[in-house]
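Colleague: I have a free half hour for this one. Take me through its holes, its helix contacts and anything odd in the backbone.

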Amino acid sequence: MIPEDVIEKENAKLARHLDARFKELGHALAERGIEIEAVVEQAGKFAAAVPSWGVASGGTRFGRFPVPGQPRDIYDKIDDAAAIHQLTRANPTVSLHIPWDQVDDTAALRKYARARGLGFDAMNSNTFEDQPGQRYSYKFGSLSHTDRAVREQAIAHNLEVAAIGQKLGSRALSIWIADGSCFPGQASLSASFERYLGSLKKIYARLPNDWTMFIEYKPFEPAFYYTVLADWGAALMAAHEVGPRCKVLVDLGHHLPGTNVEMIVARLIAAGRLGGFHFNDNKYADDDLSAGSIDPYRLFRVFHELTLASRAQGRKFRPAYLIDQSHLLKDPIEELCMTTVELQLAYVQALLVDNEALESYQNSNDVMMAETELKKAFKTDVGPVAAMARKRAGGAINPIAAYRASGYREKKAKERGG
Ligand code: RM4
Ligand code: MN
Ligand code: MN
């Protein structure tokens, strides 16, 4: 892990500067009727799960360029996730992908993570690849496959993932399928959806009572003509059909360019079916870019909807915050720290919206003032609030600087090789 004194030393260098900026922001917010300490307290509660697949460097269709000291297995991945959490204090859980992260001794894995201060969030199944020794191929689909035997195999896999998750203390199964077709005529648009629903129902019926099922839509890729679960409309239909604990997972990158994602979030909230998020950012498609790197304003608008919902519903509104990124060019630990900071910033900015004022501008159709109110929150530099929340929780004022100062990557390169 990262030696605590490295974080302390790095923080000591930045503390005076942070205090000054924090004080200044405190005055500015006080003038807007906002108590900065209350915001810091809220910011300190923000948490998002790190994806196990996000701590290794990803690839494209064209190549893979591993970072030195890449995690070799799930235990190394847990170590990296623990390092991230030490720095941010906002990533207390990890989301696993099975079979990528499968181990023989699940109890030992849980213990290992717990010893490093980590728990487990939603479990992801994988029926978009074939595994060695697998009886039937998913080449032509999984939960929606025309052949019942293939569907049964995919159903059994999902249940196995849930069983592993139960041993780890997870409470949700997240299902993304690649099912669809690449050519018109290849598959029946209606029958494939029916088969998919049938499979989901079978999984749902055997999930533990306190588990939630997340279904994740995506418009295309690897199916390039038709995707069985392509959008939030189909996902909402499916959720209604399957049962109350079946909810929709919004991966921010799973929308065609121009889609109003915050509207989708608002609709899913209204339907009581927002399960959670896969945070990331995108420019063209499922780019898996770092959250907030392309369009931080969109991220803020999503958090604005979430803030409104949690004000209205209180503690019972608790969507899962998961990150789904895996990048090629950045050091994955730095990338996930940066992502978490960006999420914190968007979250805190959304807390600053004066919703009473906004509502009254909306009701009187004062377009200019309504937009200005929203933008005012977005444009506030809330860096000192998020940094203060991290510092007070024992994390780093500047996670990336502290990480670099720790020499963690160099040490892991020696240990793990590569
Ligand atoms: C998909 C989707 C899923 C992720 C896979 C690897 O595009 O985002 O969440 O598990 O990729
Ligand atoms: Mn995803
Ligand atoms: Mn994706």
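Modeller: A cavity is a set of points, on a 1 Å grid over the protein atoms alone, where a 1.4 Å probe fits but cannot get out, and lining residues have an atom within 4 Å of a point. This is a predicted model, so local features need pLDDT of at least 70 and side-chain atom pairs 80 or more, while totals for chains, interfaces and linings use all residues. Residues are numbered from 1 along each chain as written, chains are lettered from A and ligands numbered from 1 as written, and side-chain values use heavy atoms, without hydrogens or water.

Colleague: How many cavities of 30 Å³ or more turn up?

Modeller: The search of the whole structure gives two. A volume is the space filled by probe spheres set on the points, which are joined across faces, edges and corners.

Colleague: Which residues line the largest cavity?

Modeller: Its walls come from Lys-218, Pro-219 and Phe-220, from Gly-253, His-254, His-255 and Leu-256, and from Ala-285 and Asp-286. The volume of this largest cavity is about 40 Å³. By class its lining has four nonpolar, three polar and two charged residues. Nonpolar covers Ala, Val, Leu, Ile, Met, Phe, Trp, Tyr, Cys and Pro, charged covers Asp, Glu, Lys and Arg, and the others, Gly among them, are polar.

Colleague: And what lines the second largest cavity?

Modeller: Trp-176, Ile-177, Ala-178, Lys-218, Phe-220, Glu-221, Pro-222, Ala-223 and Thr-227 do. That cavity has a volume of about 30 Å³. Six of its lining residues are nonpolar, one is polar and two are charged. Lys-218 and Phe-220 appear in this lining and also in that of the largest cavity.

Colleague: Glu-221 and Pro-222, then. What joins them?

Modeller: A cis peptide bond, with omega about 10°. Pro-222 sits in the loop between β6 and β7 (226–227), and Glu-221 is in that loop as well. Helices (H or I, at least four residues) and strands (E, at least two) are DSSP runs numbered from the N terminus.

Colleague: What is the phi of Glu-221?

Modeller: Positive, about 80°, although Glu-221 is not a glycine. Most residues other than glycine have a negative phi, and most peptide bonds are trans.

Colleague: Where else is there a cis bond?

Modeller: From Ile-98 to Pro-99, with omega near 15°. Pro-99 is in the loop that runs between β2 (93–97) and α4 (106–115).

Colleague: Now the pockets. What is the volume of the largest one?

Modeller: About 1,600 Å³. A pocket is an open set of points with protein on both sides within 12 Å along at least five of seven lines. The largest has 45 lining residues, and Arg-315, Phe-317, Arg-318, Pro-319 and Ala-320 are the closest to its centre.

Colleague: Which element gives the most to that lining?

Modeller: Helix α9, with six residues. Others that supply at least two residues include α2 (36–43), β3 (119–124), β6 (212–216), α8 (261–270), β9 (274–279) and α10. The lining of the largest pocket divides into 24 nonpolar, ten polar and eleven charged residues.

Colleague: And the second largest pocket, what is its volume?

Modeller: About 1,300 Å³. It has 38 lining residues, and the closest to its centre are Gly-59, Lys-218, Glu-221, Asp-286 and Asp-288. The classes here are 13 nonpolar, 14 polar and eleven charged. Lys-218 and Asp-286 are names you have met already, in the lining of the largest cavity.

Colleague: Helices next. At what angle do α3 and α10 cross?

Modeller: Roughly 40°, and the axes of α3 (residues 74–88) and α10 (residues 332–351) come within 10 Å. Axes are lines fitted to C-alpha atoms over the stretch in contact, and angles run from 0 to 180 degrees between N-to-C directions. Asp-80, Ile-84, Leu-87 and Thr-88 of α3 meet Ile-333, Leu-336, Cys-337, Thr-340 and Gln-344 of α10, where contact means heavy atoms within 4.5 Å. The classes are five nonpolar, three polar and one charged.

Colleague: How do α2 and α10 cross?

Modeller: At roughly 140°, with axes that come within 10 Å. Val-39, Gln-42 and Ala-43 of α2 touch Tyr-347, Val-348 and Leu-351 of α10. That contact has five nonpolar residues, one polar and no charged ones.

Colleague: Last pair: how far apart are the axes of α5 and α6?

Modeller: They are 10 Å apart, and α5 (residues 148–168) packs on α6 (residues 189–205) at about 35°. From α5 the contact uses Arg-148, Arg-151, Glu-152, Ile-155, Asn-158 and Leu-159, and from α6 Arg-195, Ser-199, Lys-202 and Ile-203. Five residues in this contact are charged, three nonpolar and two polar.
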